[in-house]
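Here's a quick tour for anyone meeting this structure for the first time. Have a look at the sequence and the fold, then read on.

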Amino acid sequence: MNRNRILAVVSTLLILGIVIFILKPSPIDPLAYIPPEPPPMEGAYAPNDFLLESELIGLGKLQGPEDMEVDDAGNIYASCQNGKVIHISPDGNIKAHAATLGRPLGSKLLSDGRLILADADKGLLEIGTKGEIKVLSTEMDAVPFRFTDDLDISKDGVIYFSDASDKYGSQDYLYDLMEARPHGRLLKYDPSTGKTEVLLKELYFANGVALSQNEDFVLVNETYRYRIRRYWLKGPEAGKSDFFIENLPGFPDNISTDGNGTFYLALFTVRNSLLDKLLHPHPVLKSFVAKLPKFLWPKARPYGFVLLLDENGMPLRSFQETSGEHLKAITSVKYKNGFLYLGSFYNDRIGKYKLNP
């Protein structure tokens with residue numbers, strides 16, 4: 001075959017490939033979204049590198065510890081990417097505590113040693129002290145949970161939890177971002193009755209969940225709208241919702257509380273101007289990008305970011321690592337005995353930062 005014929009064949013195949021790509025249906029059905037201008041990085045948001053002082057626990061030995069719980073003795077129970085809940089003893093010994101065969105995410109440790117777990121693939125679970133697994137809830141209103149994400153538990157044992165998306169699972173969460181449609185729900189599960197109830201629906205990737213100090217409201221993060229929604233449980237506004245804080249400087253992931261009026265918010269990364277200004281306003285462009293292999297999609301900036309909020313939604317201070325070299329893509333932050341424990345969907349470590357007054 002001569003050179004001209006080879007070029008002709010290559011050109012034909014290239015044109016055919018382009019035509020097939022254009023005609024290929026997009027995996028998403030996106031809407032236009034015009035995000036607000038991000039807030040200036042000043043005040044509580046001002047860049048800093050406090051998190052560079054963090055101890056790195058389990059370095060190189062963990063697979064995506066997205067969330068963790070720490071008991072009074074310093075034992076850590078980490079939700080990892082390989083479908084396992086990993087136990088890390090105070091002396092650094094690492095072993096498997098339980099295997100869900102799914103993707104463990106948000107967790108809450110009970111006083112008797114049981115662990116309540118949101119597993120993206122398996123639903124709301126209870127992990128016994130010996131690693132035994134009990135399924136609590138997997139669907140509501142005949143709609144299965146596709147991305148059971150985070151939770152908090154009231155003093156009387158009621159579990160408040162999120163289903164980030166009822167359309168896309170943990171492998172396809174970026175489709176939910178690009179589609180810009182509200183597929184998420186905030187739910188509650190009452191172990192005394194075994195019943196699950198929807199509190200809020202049509203949320204934009206319902207993520208972190210945390211109760212207030214007096215349990216008069218519960219927060220749920222809407223990651224893909226850069227905001228936190230508040231659902232009132234008590235008082236004159238009970239059963240209604242409003243916005244606790246809007247226009248955050250990054251993507252809110254999990255949120256937790258110390259029980260004394262301070263919320264600890266993990267921001268996965270800072271805002272992306274390419275996403276906000278170029279992609280989100282243009283559904284056709286998002287449909288095109290969604291057809292590309294994901295390694296060609298715009299990348300999140302490596303960045304570590306934890307924000308402290310009071311119960312009025314006021315930012316108090318932040319702890320960051322601007323390079324994201326050691327602690328990037330922080331997805332959870334838990335306070336215990338003067339330390340912040342920092343998890344990530346992607347890292348191979350857990351951060352432990354001493355919180356000075």
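Let's start inside. Keep in mind that this is a predicted model. Its largest nonpolar core has 42 residues, and the members touching the most others are I228, F244, L248, F263, L265, L307 and L309. Strand β21 (residues 262-270) is the top contributor to this core, giving 5 residues. There is also a second, separate core of 13 residues, with Y264, A266, L327 and V333 among them.

Zoom in on I228. Not counting neighbours within four places in sequence, I228 is in contact with L219, V220, N221, F243, F244, I245, L248, I255, L265 and L309.

Now for the sheets. Strands of a sheet pair through backbone hydrogen bonds, either parallel or antiparallel. Here are two open sheets, each listed with its strand order and the average turn between neighbouring strands, direction ignored.

| Strand order | Pairing | Average turn between neighbours |
|---|---|---|
| β12-β13-β14-β15 | antiparallel | 20° |
| β20-β21-β22-β23 | antiparallel | 25° |

In the β12-β13-β14-β15 sheet, β12 (148-153) and β15 (195-203) sit at the edges, each pairing on one side only. Strands β13 (residues 159-163) and β14 (residues 184-190) are joined in the antiparallel sense over 5 bridges, and S162 has L186 in β14 as its bridge partner.

The β20-β21-β22-β23 sheet has β20 (250-257) and β23 (315-321) as its edge strands, and each of these pairs on one side only. Strand β22 (residues 304-310) pairs with β23 over 6 bridges, again in the antiparallel sense. Opposite V306 you'll find F319 in β23.

Technical notes
Residues numbered from 1 in each chain as written. Predicted model: local features only at pLDDT ≥ 70, side-chain atom pairs only at ≥ 80, totals over all residues. Heavy atoms only, no water. Core = buried A, V, L, I, M, F, W, Y, C linked by side-chain atoms within 4.5 Å. Buried < 20%, exposed > 50% of the residue type's maximum accessible area, 1.4 Å probe, protein only. Helix = DSSP H or I, 4+ residues; strand = E, 2+ residues; numbered from the N terminus. Contact = heavy atoms within 4.5 Å. Pairing = 2+ DSSP bridges. Axes fitted to C-alpha atoms, helices over the stretch in contact; angles between N-to-C directions.
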